[in-house]
Amino acid sequence: MHRIVIVGGGAGGLALATQLGKHLGKKKLAEITLVDAARTHVWKPLLHQLAAGSFDTHAEEIEYLAQARWNHFKFRLGRLEGLDRASKTLQLAASHDEAGREITPAQELAYDTLVVAVGSQTNDFGTLGAAEHTIKLDSPQAAKRFNDRLINACIRAQTVPRSAGSGRLTVAIVGGGATGVELAAELHASARVLANYGFDHIHPEKDLQIVLVEAAPRLLAQLPERLSESALRELRKLAIEVHTNEKVVEVTEGSLKMASGKVISSSLTVWAAGVKAGDFLKSLGGAQPLETNRLNQLVVNGNLQTTDASIYAFGDCAACQQPDGTWVPPRAQAAYQQAMYLVKALPRLQRGEPVSPFVFRDQGSLVSLSEYSSVGSLMGSLTKGSFFVEGQLAKLMYWALHKQHQLALGGWKKTALITLSEMIDRTYRPRIKLH
């Protein structure tokens, strides 16, 4: 059978493997294999909630082995280490447990068609001290690490007197994009809940000081200005300190230093500004590396093919130019649309049939401000131009986006059962993760 290997089990990669498994794997028309360095999948737009401790990762994680069993594809644990284009083989690094014992050895995996969907990582732009003194919120592991440090810092803050004019615990967030804004609001909501679980000396406004720093003139710089204004208004209601037009030039263990000379104290710093593809993509292919851009993204054509016709790439790790000259943005909805495009396009391309190029259709943006509000703009078929939404309607639509992801992976029946279990969980689980 034709061997299709997908590297990367993010939202796009897992959706592609699931749908190809249903359409091709089940009918024995192709052998579908998903490769990932982790064993489970968490929807990336939920990382800010995982970091703040406001949702249970075990209830949300999807196990790749189980998903593969239910949807007629195979799963291989491993991290992509090399690619031999001549022999059409991947080199996967050995995997180890926490004690350093080998789980799987280094191995090779043959393919006929390869799809690279390894996503992106946070770009600190080489800022002095950022690598050593910040947590980059770009993976479930990083989000869990931040949550552990947050809870420990709160326990520590219980015993430290608050000095005049400042909080006992300051969390600084570098980056005023969707991740930074959502995390700021989520942390404020979590602090309110903590007071009910023994942290009675942590006041969300007085003792937990949240600082959001953005280098651009406004928050959510890539989204419509009205969204920026609405988000800023909501954050200020929560007494979250916002600094725009401030570029961070150095991060120390306890502070941020700006190009303007301003210094902001910080007990815990999160870097959520900028994205880039993994550095290893620059040399992927060895002596015949695939073409990449300055952000390490694989350059693809309209059919999402790289400079090697048997290798495709999509999502944050791919640079895809649209017919109008613009580039597909590194957003979850773009990766999902590209995955659904490839579900239909790959079988036709393998048969040598012509396929129309991928066209990204911007359906708007939604930004969740925790339990307080949500803001967004809808685009496309609903209205000409954009339509602004906020409040409960926007919160409902943000929730619906998550359900759309669950539907793509599990279908209606499983999504309904997951939703029911979420409702039951709220009746007996703490509203915040405390360990």
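1. In this predicted model, helix α9 is bent by about 35 degrees at K344. A proline, P347, comes within four residues after the bend.

2. What end-to-end distance does α9 have, against the expected span? The helix covers residues 332-350, and at 1.5 Å a residue its 19 residues should span 27 Å. The C-alpha atoms at its ends are 27 Å apart, so the expected span and the model agree. The bend at K344 should be read alongside that figure.

3. Burial in α9 takes in both polar and apolar names. Q333, Q337 and Q338 are buried, as are A334, A335, A339 and A345. The rest of the buried set is Y341, L342, V343, L346 and P347. P347 is thus listed twice in this note, as a buried residue and as the proline that follows the bend. Just after the helix, G352 has a positive phi of about 80 degrees.

4. Strand β5, residues 74-77, has alternating side chains. F75 and L77 point to one face and are buried, whereas K74 and R76 point to the other and are not buried. Such alternation between the two faces of the sheet is what a regular strand shows.

5. Which strand does β5 pair with through four bridges? The partner is β2, residues 30-36, and the two run parallel. Within this pair, D36 lies opposite L77 of β5, and L77 is one of the buried residues of that strand.

6. An open sheet of five strands has the order β13-β20-β14-β15-β16, with parallel pairing. β13 (135-136) and β16 (241-243) are at the edges; each has a single partner strand, so one side of each has no neighbour in the sheet. For β16, three bridges in the parallel sense connect it with β15, residues 208-213. There, V211 stands opposite E241 of β16.

7. A second open sheet has three strands in the order β6-β7-β10, and here the pairing is antiparallel. The edge strands are β6 (79-84) and β10 (107-110), each with a single partner strand, so each has one side without a neighbour in the sheet. From one strand to the next the twist averages 30 degrees.

8. How many bridges join β6 to β7? Five do, and the two strands run antiparallel, with β7 covering residues 89-93. Among the residue pairs, L80 has L92 in β7 as its bridge partner.

Terms used
Residues are numbered from 1 along each chain as its sequence is written. This is a predicted model: local features need pLDDT of at least 70, side-chain atom pairs count only at pLDDT 80 or more; totals for chains, interfaces and linings use all residues. Side-chain values use heavy atoms; hydrogens and water are left out. The expected span of a helix is 1.5 Å times one less than its number of residues. The bend at a residue is the angle between axes fitted to the seven residues ending there and the seven starting there. Buried means under 20% relative accessible area, exposed over 50%, partly exposed in between (1.4 Å probe, protein chains only). Two strands pair if DSSP finds at least two bridges between them. Axes are lines fitted to C-alpha atoms, for helices over the stretch in contact, and angles run from 0 to 180 degrees between N-to-C directions.
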